[in-house]
Every structure is written in structure tokens, then in C-alpha cells.
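Here are some notes to read with the structure open beside you. They begin at one residue and work outwards from there.

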Amino acid sequence: MTPLSAAVSLIISRPTELWKTTFLVVLFHAAVLLISPTKAAAVPAALHVALDPGHGGLDKGAIHSSIKESELVLLVANKVKSLLEKNENVRVTMTRTEDQSVSLSDRVKIAEARHVDIFVSLHANAANDQRAKGVEFFFQNNLPPDEESLYLANLENQSNTALNQAQEVEKQELSKKGDISAIIEDLHHQNKMMSSLRFSQTLNQFWQSDDKSNPATIKQAPFYVISKTTMPAVLIEVGFLTHPKEVKQLAKPEYQDQIAEKISKAILTFKEKMDKPELRTLN
Ligand SMILES: [Zn+2]
């Protein structure tokens with residue numbers, strides 16, 4: 001029997017089975033076309049950014065030369081938001097939009113509930129040494145923090161007790177979990193840390209050409225909001241309110257515009273890197 005006559009005899013003898021098979025094959029090909037990765041890659045994925053202006057309400061943060069950290073970072077955050085929203089593929093969620101008090105845990109909850117892709121916390125620095133100046137980018141640390149970073153983290157975390165309590169809860173939760181889930185959680189954690197470092201490096205690039213004598217620095221510290229969020233997270237200290245010259249700069253709207261522009265450009269560059277896996281290893 002030739003293959004053709006075999007097919008004909010199959011159609012004649014078992015028509016339902018053959019049509020069922022043909023229907024399933026067509027359905028399978030249609031499904032493959034629908035979920036084709038080339039089709040999905042043609043449309044850039046939207047990026048959802050959480051902007052977190054630190055402090056607010058009764059907590060003004062650092063205050064120097066009549067500049068209040070809580071007000072300054074809200075101004076900068078609003079500028080970053082306007083710049084980012086010019087891009088139709090970017091959505092922005094603010095953890096606070098006015099001079100209001102929002103707890104650190106609520107800031108994290110907002111970002112998690114809205115499933116944001118990236119978390120950017122904005123602060124302004126203060127130091128006993130008036131010579132300290134420049135921008136600093138912090139991502140979560142896995143190693144014992146150095147004394148200075150820990151001191152700063154305690155300041156920005158508002159209350160050390162909140163952090164200690166959170167760490168205690170985390171320890172208890174970990175002991176309840178099985179080995180496999182602990183490993184998976186650890187992988188997520190490592191992945192988040194690497195992405196946060198890459199985002200810090202991207203931010204850093206936008207400051208490098210400015211002032212060679214005072215480059216921006218990348219550091220690690222256990223700030224609550226960047227430790228407790230599960231997406232890539234960076235805390236930016238936009239400058240020192242205690243530095244006599246820098247505080248004057250920070251008060252100027254044009255200087256705030258420049259900061260906002262660099263942050264928004266870095267976010268868009270980071271998005272580009274995330275959209276193109278082949279660029280992920282590049283700084
Ligand atoms: Zn602060």
C-alpha cells in the first residue's frame with residue numbers, strides 16, 4: 001500500500017480521528033505563533049518605577065542653611081517623575097506626593113503592591129565633616145557594613161528599632177522555611193543585589209564626567225527601603241547639605257533639574273539594558 005492510499009483509506013475508515021489530529025496540529029501551530037518570542041520582543045516592555053522621596057511630615061530629615069531634606073527630595077522626585085513620564089513606556093509611582101509622613105514599611109508595601117520594576121529612594125546627606133560632598137549611591141549590603149555606612153543607615157532608617165525588629169522577623173521566617181525555598185529565596189536575593197549594583201553603576205556613569213575631583217561613589221548600606229524591597233533598589237544621596245558650596249547648589253532649581261535629568265536618563269538606560277539581555281553584562 002502506498003502512503004497516499006494508506007491516507008485515503010484512513011480518511012475513509014476513521015474520519016473523525018484524522019480530523020481531530022489535523023485540528024490539534026493547526027491549533028498547536030496557532031498557539032506557537034501567538035506566543036512567539038520575536039513577536040513579544042518587537043514591543044518594548046513598560047517599566048514601572050517607584051520614586052521614594054525620603055522623610056516627610058514631622059520628619060524633615062537633615063536641615064541646613066534653611067534647606068529641608070524632605071522638601072528638597074520631593075522637588076527632585078517630582079522633576080524625575082515629569083521627565084520619565086514623557087516616555088510612554090514608563091510608569092511612575094510615588095511613595096509620597098506631598099509633605100506627609102509615610103513609614104518605611106509602608107514605602108516598601110506601596111512598591112510591592114504595585115509590582116514596580118525598580119525602586120529609587122531620594123535623600124540628601126549631612127556629615128559632621130563639612131568637607132564631605134558629592135553624590136552617593138547605595139545598594140543593599142550582604143557584607144558587614146562599615147561604620148560610616150551603618151551610622152548613616154541608622155539616620156536614614158529613622159529608628160534603629162524598626163530595622164532590628166525587621167531583621168528578627170526575617171530570621172524567624174527563614175528558620176520556618178525549608179531548604180529549597182531558602183535556596184530559591186537566596187538566588188532571588190543575589191539576583192536583586194546584582195541588578196541593584198548594575199543600576200548604581202549606570203547612575204554613576206551619568207555623574208562621572210562632571211567633576212573629576214569629586215566623583216560620585218557607590219556604597220552598600222542596610223537602609224530599610226532598599227533592603228526590604230524585592231526589586232532592584234538604589235538609595236541616592238543627592239549631595240551634602242552640610243557642605244557650604246554644595247548646599248547653595250542644591251537650593252538652585254537649575255541644579256535640581258540637572259540631578260533629575262541624570263537620574264531619569266540613568267533609569268531609561270537601565271531599562272534599555274534590561275530589555276536587551278546582551279547588554280546586561282555591560283556597565
Ligand atoms: Zn534622608
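1. Let's start with Val234, which is buried: 28 other C-beta atoms lie within 10 Å, and 20 or more is what it takes to count as buried. Please keep in mind that this is a predicted model. Val234 belongs to strand β8, which covers residues 233-240. The strand as a whole is mostly covered, with eight of its eight residues buried.

2. Which residues does Val234 touch, once its neighbours within four places in sequence are left aside? The contacts are Val120, Phe137, Phe138, Phe139, Ser196, Phe199, Ser200, Leu203 and Ile226. A useful pair to find on screen is Val234 and Ser121: they are 113 residues apart along the chain, and their C-alpha atoms are separated by 6.3 Å. Across the protein, residues 24 or more positions apart account for 80% of the contacts with a separation of 6 or more.

3. Now for the strands around β8. Strand β5 (residues 118-125) pairs with β8 in the parallel sense, over six bridges. Within that pairing, Val120 stands opposite Val234, and Phe119 has Ala233 as its bridge partner. With β6, the pairing of β8 is antiparallel and runs over three bridges; here Phe137 stands opposite Ile236 of β8. When you look at side chains, remember that in a regular strand they alternate between the two faces of the sheet.

4. Stepping back, these strands belong to an open sheet of six strands with mixed pairing, in the order β4-β1-β5-β8-β6-β7. Why do β4 (90-94) and β7 (217-220) each have one side without a neighbour in the sheet? They stand at the edges and have a single partner strand each, so nothing in the sheet flanks the other side. On average, neighbouring strands of this sheet are turned by 25 degrees against each other, direction ignored.

5. Two helices that pack on the sheet deserve a look. Helix α4 (residues 69-84) touches β1 (47-53), β4, β5 and β8, and its direction makes about 145 degrees with that of β5. Helix α8 touches β5, β6 (136-139), β7 and β8, and its direction makes about 170 degrees with that of β6.

6. Helix α8 (residues 179-208) also packs against helix α11 (residues 253-275), at an angle of about 135 degrees and with the axes 9 Å apart. That angle is why α8 counts as oblique to α11. The crossing of α8 past α11 is right-handed. On the α8 side the contact is made by Phe199, Thr202, Leu203, Phe206 and Trp207, and on the α11 side by Lys262, Ile263, Lys265, Ala266, Thr269 and Phe270. By type, the residues of this contact divide into seven nonpolar, two polar and two charged. You may recognise Phe199 and Leu203 from point 2, where both are among the contacts of Val234.

7. Finally, the overall tally for your own notes. The protein has 11 helices and eight strands. Of its 283 residues, 33% count as buried, and Val234 is one of the buried residues.

Technical notes:
Residues are numbered from 1 along each chain as its sequence is written. This is a predicted model: local features need pLDDT of at least 70, side-chain atom pairs count only at pLDDT 80 or more; totals for chains, interfaces and linings use all residues. Axes are lines fitted to C-alpha atoms, for helices over the stretch in contact, and angles run from 0 to 180 degrees between N-to-C directions. Helices (H or I, at least four residues) and strands (E, at least two) are DSSP runs, numbered from the N terminus. Angles under 35 degrees count as roughly parallel, over 145 as roughly antiparallel, 65 to 115 as roughly perpendicular and the rest as oblique. A crossing is left-handed if the near helix is turned anticlockwise from the far one by less than a right angle, and right-handed if clockwise. Two residues are in contact if their C-beta atoms, placed from the backbone, lie within 7 Å. Ala, Val, Leu, Ile, Met, Phe, Trp, Tyr, Cys and Pro count as nonpolar, Asp, Glu, Lys and Arg as charged, and the others, Gly among them, as polar. A residue is buried if 20 or more other C-beta atoms lie within 10 Å of its own, exposed if 12 or fewer, and partly exposed in between; C-beta atoms are placed from the backbone. Two strands pair if DSSP finds at least two bridges between them.
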